Structures are given as structure tokens and as C-alpha cells.
Amino acid sequence: MSERPRNDDPDPTDAFDELVEAETDRDPDLAVIEAGSRTLRAQAGPPQGDIPARPADPEVDRALRAVEEELAGRWGETKLDPSVQRIAALLDVLGSPQRAYPSIHITGTNGKTSTARMIEALLGAFDLRTGRYTSPHVQSITERISLDGSPVSAERFIETYRDIAPYLEMIDAQQEYRLSFFEVLTAMAFAAFADAPVDVAVVEVGMGGTWDATNVIDGDVAVVTPISLDHTDRLGETPEEIAGEKSGIIKKDATVVLAQQPVDAASVMLKRAVEVDATVAREGMEFGVLSREVAVGGQMLTLRGLGGEYPEIFLPLYGAHQAHNAAVALAAVEAFFGVGSDHARTLDIDTIRSAFAAVASPGRMEVVRRSPTVVLDAAHNPAGARAAAEAVTEAFGFSRLIGVVGTSDDKDVRGLLEAFEPIFAEIVVTRNSSHRAMDPDELAAVAVEVFGAERVQVEPRLDDALEAAITLAEEEGEFSGAGVLVTGSVITVGEARLLLGRN
């Protein structure tokens with residue numbers, strides 16, 4: 001494994017450590033990330049995107065941190081008890097806010113958040129007030145709950161938590177296990193949507209389907225994005241087994257919008273739909289992508305929806321997988337409006353075009369720096385990595401690509417690295433601040449087996465990893481066309497985004 005390149009400039013580590021030490025009132029992990037961002041921000045340009053920064057008001061910031069600490073004291077998102085009993089009990093005492101509006105429910109392995117954002121944009125373009133609940137967050141916990149296309153304010157997030165806090169203690173005392181982090185956030189989202197009020201909620205499952213905390217809603221439309229292997233220790237070891245768990249979101253008389261699936265996964269979904277008298281719309285049959293061309297800043301699509309064709313759709317996202325997500329999102333919104341069943345018509349094409357043109361999906365093939373170009377993508381399993389590898393190759397055509405990879409220790413790391421091996425000239429392995437992050441030396445050992453020792457570099461700190469990768473890309477010269485792809489985990493991408501000055 002190679003050592004990090006050095007030069008004769010003053011060592012930035014000293015200044016970095018001084019900044020970390022100065023952050024005495026912050027969470028230690030976040031202090032490292034926020035301090036490190038100051039050493040890289042000047043290279044990155046102005047903040048962009050719709051991800052909120054920390055509150056400017058110190059009192060609000062302290063109050064938000066207090067809420068985050070209380071939530072963090074509960075079961076984490078990866079610790080599950082297969083039951084919706086606790087969340088159902090909590091929502092019951094809150095007056096069942098999840099029944100105050102219709103919902104579109106989204107499951108699948110990859111593409112859920114991007115698809116949710118597209119659905120939200122389309123519904124908003126038709127003057128519907130939307131609530132969107134997605135996970136995990138890229139940088140700020142408030143991202144998970146959005147109203148009208150924007151994350152709720154820190155003040156509203158705090159207020160929502162405080163409104164339900166007394167009921168949390170009541171339910172905790174009644175149940176065998178306390179409510180989990182994800183269960184509380186889910187209840188907060190449903191309560192915030194009812195309080196707004198919204199016309200429709202777009203709800204992404206946290207994991208699986210049947211036993212997911214979100215599965216207390218009866219979605220009018222159930223969306224299933226592509227299923228592949230992930231969370232196999234909890235959901236099953238085959239696409240068929242995983243589909244069985246995810247099919248639980250399909251409710252009686254709903255419409256199921258089914259992305260392209262492995263045959264055995266599709267069979268499970270179709271069987272479930274028959275059992276509950278749900279209507280099925282299948283990508284490649286009832287809807288799909290008719291054509292796509294790479295365009296500046298994204299791609300130009302012709303989509304076939306449930307009601308007909310939608311030509312000349314500009315989507316400012318990269319990759320074939322995002323085109324397929326767009327087709328799924330369009331079909332879901334058509335189904336919500338009754339197109340294809342009650343109405344044989346298309347939705348207004350200009351409204352559809354303007355909605356898709358405004359879509360953003362932070363941390364998904366997102367460019368956060370130029371010269372050299374740095375791209376972030378939250379791929380964290382082999383299927384996502386393959387999609388990202390294809391997308392970055394198609395959209396950017398880098399002459400040389402450096403990878404920065406930090407993963408969680410419960411993922412198929414070898415499969416992810418093998419997907420990226422053909423496109424990475426060199427790889428810098430690192431870790432994020434999560435306790436679930438894979439040890440960099442362990443990750444490096446796998447990377448050496450996949451890439452060979454001469455192509456692997458280890459930098460335990462993410463800020464050092466970013467600087468090392470940028471240095472490697474810059475060695476090719478300003479006009480060489482070299483780039484950097486940061487990937488492996490949503491947390492890694494979120495922290496890199498902050499380090500590079502994005503909010």
C-alpha cells in the first residue's frame with residue numbers, strides 16, 4: 001500500500017487539530033468533521049443544495065443537539081424488533097395522524113430516496129402540499145422530514161419532538177422495549193404532516209417493509225424500487241426472501257408500481273398483489289423509459305407513463321438508474337391521480353417537464369467541486385456501486401478516476417469494491433465518524449485483494465483521504481480530466497459534503 005504524498009508546505013494537520021480542540025462544546029465526531037471542513041472549504045466553492053446547515057442561533061442549535069442526543073439514546077436504526085406494536089401504540093395516543101392524509105409508500109433496495117424526491121417534486125408541481133419522510137440523512141437529521149419540498153426548520157423539528165415527548169415516556173413504560181430512534185422519528189414525521197396539514201405524504205421505509213415502523217400507513221400507491229441483496233442478516237439471503245419482507249407494504253386495493261426486478265422477486269410481489277386485490281403497474285410493461293440521451297448537467301428522456309408518452313423530459317441527475325427512477329416516480333404519481341385506471345390520459349406535459357427539471361438528490365452522483373472534479377455518491381452495496389460506476393463513466397468520462405471509499409462493517413464490502421475496480425485507477429480507503437464504520441486497515445486488506453497493493457492508499461481520517469485523493473488527481477495536471485469519486489456510505493458522503501463546504 002502506498003504512502004500519502006507529501007510536499008514542503010506547512011503541515012495542515014496542526015491547524016486542523018487546533019480547530020478540533022477549539023470545538024469544545026460540540027459532539028466530538030462532528031467537531032472533527034466541521035473543523036476539517038474549514039481546511040478544505042476554500043477549494044470547494046459556495047454551498048449548494050437543499051441540505052440545511054446547523055442553526056445559526058446558538059440557542060436553537062443547543063436545543064436541536066439536545067433532541068439529537070435524546071434520540072441517539074434510543075435503539076439505533078440497525079437494531080430491530082420485528083413488530084409495529086410500539087409505533088402503533090404511540091400513534092394511537094397521538095390521534096392516528098398518519099390517517100389524516102393519503103400516502104405513497106416506497107420500498108426497495110436502491111433508489112428509494114431519489115424516487116421519493118421525484119414523486120414529491122411532481123406532486124408539488126400539481127399544487128399539492130407534500131410531506132416527505134426519507135432516511136438516512138446526508139448531513140442534518142432535519143432532512144428526514146420535509147414539507148413542500150424543503151426540510152423542516154430546526155425550530156419546527158424541535159417543537160414536533162417536544163409535542164410528542166410526554167407520550168414517548170407513556171409508551172416506553174407500557175412496552176417490553178422502548179421506542180427506537182426510527183420509531184420516534186417516524187411518529188414525528190406523521191405528526192408534522194398532520195399538523196401542516198399536507199395533501200399527500202411520500203413515505204420511504206427504513207428497512208424492509210412488513211415490520212418497518214412506517215408500515216402503519218395504508219399507502220394508496222405502493223412503490224417498489226429495484227430489489228437486490230442488502231441487510232441480508234435481517235431481510236433474507238435471496239432477492240425472493242427480501243421481496244417477501246418488502247411486499248408487506250402492499251395493501252388491499254392499492255396500486256403497486258413495480259420497478260424492474262429479478263424474476264423471483266417480481267413473482268413474490270405479484271403474488272402478494274393478487275392476495276390483496278391490488279392493481280399492478282410493471283416497468284417494461286405498463287410504463288418505462290423509451291429513450292435517454294446524455295445531456296449537459298443530466299439527461300434527456302422520453303418516458304412512457306400509464307397514460308401515454310412524455311417526450312423531452314430533462315432530468316438533472318446522472319445515470320441510467322436515475323432515468324428508471326424517474327419512470328417509476330411518474331407512474332406512481334399517475335397512479336395517485338387515477339391515470340391508467342380511471343382516466344386514459346397523460347398529465348400536463350409542461351408541468352411534468354418543469355417538475356423533473358427541478359429535481360435534486362444530494363449525495364447521489366453530486367458534483368461538489370471542480371478542478372479536479374469531485375463527485376459524491378452514496379452507493380453502499382454492490383448493486384448501487386455498479387449503477388454508480390456506470391453513471392460516472394457515462395456522464396464524466398474521466399481520464400483517471402481516484403476513489404475515496406469508507407463503508408459500514410455490515411456491508412458486502414468485497415462486492416462493492418469489485419464493482420468499482422474497473423473504473424478506479426487508485427483507491428484511498430478511509431472511515432467516517434459512525435461507530436458502524438469499517439476499520440480502515442480491515443477495509444484496506446480487502447481492497448488490496450481486489451485492486452493490488454500498489455493501487456491502495458490508507459488514510460484513517462476522511463479529511464486526509466479527501467486531500468490525498470485530490471492530490472493524486474491533480475498530479476495529472478489541470479487539464480487532464482482526472483476526477484475523484486467519494487462513495488461507500490451515506491454517512492461518508494454526508495461528511496465529505498460538509499468537509500468540502502456544502503452547507
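This is a conversation between a trainee and a mentor about reading a predicted model.

Trainee: Let's start with the overview. How many helices and strands are there in the chain?

Mentor: Keep in mind that the model is predicted. The chain has 17 helices and 17 strands. Of its 503 residues, 56% are buried.

Trainee: What share of the contacts with a separation of 6 or more comes from residues 24 or more positions apart?

Mentor: That share is 73%. For a single example, take Arg178 and Arg74: they are 104 residues apart in sequence, yet their C-alpha atoms are 7.4 Å apart in space.

Trainee: Where does Arg178 lie, and is Arg178 buried, exposed or partly exposed?

Mentor: Look in the loop between α6 (154-174) and α7 (181-195). Buried means under 20% relative accessible area and exposed means over 50%. Arg178 has 43%, so it counts as partly exposed. Leaving aside residues up to four places away in sequence, Arg178 touches Gly73, Arg74, Arg86, Asp172 and Glu183.

Trainee: On to the sheets. How do strands of a sheet pair?

Mentor: They pair through backbone hydrogen bonds, and the pairing can be parallel or antiparallel. One open sheet here has eight strands in the order β4-β3-β2-β5-β1-β6-β7-β8, and its pairing is mixed.

Trainee: Which strands stand at the edges of that sheet?

Mentor: Those are β4 (150-151) and β8 (279-282). Each has a single partner strand, so one side of each has no neighbour in the sheet.

Trainee: What about β5, which sits between β2 and β1 in that order?

Mentor: Let's take one partner at a time. Strand β2 (residues 130-133) runs parallel to β5 (residues 200-204), and four bridges join the two. Gly131 stands opposite Ala201, and Tyr133 has Val203 as its bridge partner. With β1 there are also four bridges, and that pair runs parallel too. Here Ser103 is bridged to Ala201.

Trainee: Which way do the residues of β5 point?

Mentor: Val200, Val202 and Glu204 point one way, while Ala201 and Val203 point the other way. Five of the five residues in β5 are buried.

Trainee: I've picked out Thr107. Which strand is it in, and is Thr107 buried or exposed?

Mentor: Thr107 belongs to β1 (residues 103-107). Its relative accessible area is 0%, so Thr107 is buried. Apart from residues up to four places away in sequence, it touches Lys112, Val205, Gly208, Val223, Val224, Thr225, Lys246 and Ile249.

Trainee: What is the strand order in the open sheet of three strands?

Mentor: The order is β9-β10-β11, with antiparallel pairing. β9 (288-295) and β11 (309-315) are the edge strands, each pairing on one side only. On average, neighbouring strands of this sheet are turned by 15 degrees against each other, direction ignored.

Trainee: How many bridges join β9 to β10?

Mentor: Seven bridges join β9 to β10 (residues 298-304), and the two run antiparallel. To find one of them, start at Gly288: its bridge partner in β10 is Arg304.

Trainee: And a hairpin: which strands should I look at?

Mentor: Try β12 and β13, which form a hairpin with three residues between them. In the turn, Ser371 has a positive phi of about 55 degrees. β12 (residues 366-369) pairs with β13 in the antiparallel sense over three bridges, and Val367 has Val375 as its bridge partner in β13.

Trainee: Which strand do four bridges join to β13?

Mentor: That is β17 (residues 482-487), which runs parallel to β13. Val374 has Val484 as its bridge partner there. As for side chains, Thr373 and Val375 point one way from β13 (residues 373-376), and Val374 and Leu376 point the other way; all of them are buried.

Trainee: Last topic, empty space. How many cavities of 30 Å³ or more does a search find?

Mentor: A search of the whole structure finds three. The largest cavity holds about 100 Å³ of space. It is lined by 13 residues, and the closest to its centre are Thr113, Arg117, Thr134, Val138 and Glu143.

Trainee: What is the lining of the largest cavity made of, by class?

Mentor: There are four nonpolar, four polar and five charged residues in the lining.

Definitions and conventions:
Residues are numbered from 1 along each chain as its sequence is written. This is a predicted model: local features need pLDDT of at least 70, side-chain atom pairs count only at pLDDT 80 or more; totals for chains, interfaces and linings use all residues. Side-chain values use heavy atoms; hydrogens and water are left out. On a 1 Å grid over the protein atoms alone, a cavity is a set of points where a 1.4 Å probe fits but cannot get out, and a pocket is an open set with protein on both sides within 12 Å along at least five of seven lines; lining residues have an atom within 4 Å of a point. Grid points are joined across faces, edges and corners, and a volume is the space filled by probe spheres set on the points. Ala, Val, Leu, Ile, Met, Phe, Trp, Tyr, Cys and Pro count as nonpolar, Asp, Glu, Lys and Arg as charged, and the others, Gly among them, as polar. Two strands pair if DSSP finds at least two bridges between them. Axes are lines fitted to C-alpha atoms, for helices over the stretch in contact, and angles run from 0 to 180 degrees between N-to-C directions. Buried means under 20% relative accessible area, exposed over 50%, partly exposed in between (1.4 Å probe, protein chains only). Contact means heavy atoms within 4.5 Å.
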